[in-house]
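The following paragraphs lead through the structure shown here, beginning with a loop and moving from there to the sheet and the helices.

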Amino acid sequence: MILPDDAAPALHVTESGPKDGPVVVFAHALGTDLTMWDAMLPYLPDTLRLVRLDMRGHGQSPCPDGPYPMGNLVEDAARALDRLGVKACVFVGLSIGGIIAQGLAAERLDLVRGLVLSNTATKIATPAIWRDRIEEVRRGGIEAIADATLERWFSRATLRTHPDRVANVRARLLATPLKGYLGAMEAIAETDLYESTARLRLPTLVIAGSEDGSTPADLVRETAGLIPGAQFELIRGTGHLPPVERPEEVARLLTTFLTGIGHV
């Protein structure tokens, strides 16, 4: 459920493409920002109006004090789209961005005509796991969990052969404001969207990485199974951030999906 939040921040947003084109909106992962999608965008059709959001407490968006209930993160996205006059978009969300996507589709179907859920689930990990991580970050900062996070996020091949990509994500992770990171962690810890996602009835593409240590492929596949007709795609040899590791393949899957539902 969306929660009222009179102090909701206005999210930082970037746009590209024709103003009258079909709208595709992107929501990023925990500890990243809207630049997470940069490598993929050049491979998408130039007919699209591409909108990217920085979640509260991340990137260039405001960083209010926590807690960050998931309902408020969903409301942030809804308000951003309302400000832009967006209706009937395809909403692409990865990890926590995918949770926001599910919540937005459940609450504001006027805004969303299709979903792309990447490396996400209705519930990610357990409250106990998140409590442990939150305490570790409170004690030692984001630096304390950075190495373990990157090992969960990237495939073995990418860790070995593309240290530049890993270093860029690490820099974004460490640049995330501490209270923004903690607020988003707490939001994930409290969230289970199983019931509302199981009621969704809209075109959906679900993407998983075979080496994802944060949202394993079987968990992502289970989420796809909740939505009738959802298409599931496994990208082999990639981890939690396919748009960073395999941007051309993610763009191909997204373009095929958009074409199939007449959104190009």
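In this predicted model, residue N119 lies in the loop between strand β5 and helix α3 (127-140). The phi angle of N119 is near 50°, a positive value in a residue other than glycine. Is N119 buried or exposed? Its relative accessibility is 0%, and N119 therefore counts as buried, the cut-off being under 20%.

Strand β5, which comes before this loop, comprises residues 112-118, and 6 of these 7 residues are buried, so the strand is largely enclosed by the rest of the structure. One partner of β5 is strand β4 (residues 89-94), with which it pairs in the parallel sense over 6 bridges. Within this pairing, C89 stands opposite V112 of β5, and F91 stands opposite L115 of β5. In general, strands of a sheet pair through backbone hydrogen bonds, either parallel or antiparallel.

Where do β4 and β5 stand in the wider sheet? The sheet is open and has 7 strands, in the order β1-β3-β2-β4-β5-β6-β7, with mixed pairing. Its edge strands are β1 (13-16) and β7, each of which pairs on one side only. On average, neighbouring strands of this sheet are turned by 15° against each other, direction ignored.

The cysteines C89 and C63 may be considered next. C89 has a relative accessibility of 0% and so counts as buried, whereas C63, at 21%, counts as partly exposed. How many disulfides does the model contain, if the two sulfur atoms must lie within 2.5 Å? The count comes to 0 disulfides. As a general point, a disulfide is a covalent bond between the sulfur atoms of two cysteines.

Two further loops contain notable backbone geometry. The loop between β4 and α2 contains S95, whose phi is near 60°, again a positive value in a residue other than glycine. S95 is buried, because its relative accessible area is 7%. In the loop between β3 (49-53) and α1 lies P67, which is joined to G66 by a cis peptide bond with omega of about 0°.

How do helices α1 and α2 pack? Helix α1 (residues 70-84) and helix α2 (residues 96-107) meet at an angle of about 75°, with their axes 9 Å apart. The two helices are therefore roughly perpendicular to each other. On the α1 side, the contact is made by M70, L73, V74, A77, A78 and L81, and on the α2 side by I96, I99, I100, G103 and L104. By class, this contact has 10 nonpolar, 1 polar and no charged residues. In general, an α-helix has 3.6 residues a turn, so residues three or four places apart point the same way.

Helix α1 also holds N72. With a relative accessible area of 7%, N72 is buried. Its C-alpha atom is separated by 31 Å from that of R165, which is 93 residues apart from N72 along the chain.

Helix α2 takes part in a second set of contacts, those with helix α9 (residues 217-226). The buried residues of α9 are A217, V220, T223, A224 and L226. What covers these residues? The covering elements include α2, α8 (194-198), β6 (204-209) and β7 (231-235). Of these, β7 is also an edge strand of the sheet described above.

Key. Residues are numbered from 1 along each chain as its sequence is written. This is a predicted model: local features need pLDDT of at least 70, side-chain atom pairs count only at pLDDT 80 or more; totals for chains, interfaces and linings use all residues. Side-chain values use heavy atoms; hydrogens and water are left out. Axes are lines fitted to C-alpha atoms, for helices over the stretch in contact, and angles run from 0 to 180 degrees between N-to-C directions. Helices (H or I, at least four residues) and strands (E, at least two) are DSSP runs, numbered from the N terminus. Angles under 35 degrees count as roughly parallel, over 145 as roughly antiparallel, 65 to 115 as roughly perpendicular and the rest as oblique. Contact means heavy atoms within 4.5 Å. Ala, Val, Leu, Ile, Met, Phe, Trp, Tyr, Cys and Pro count as nonpolar, Asp, Glu, Lys and Arg as charged, and the others, Gly among them, as polar. A disulfide is a pair of cysteine sulfur atoms within 2.5 Å. Buried means under 20% relative accessible area, exposed over 50%, partly exposed in between (1.4 Å probe, protein chains only). Two strands pair if DSSP finds at least two bridges between them.
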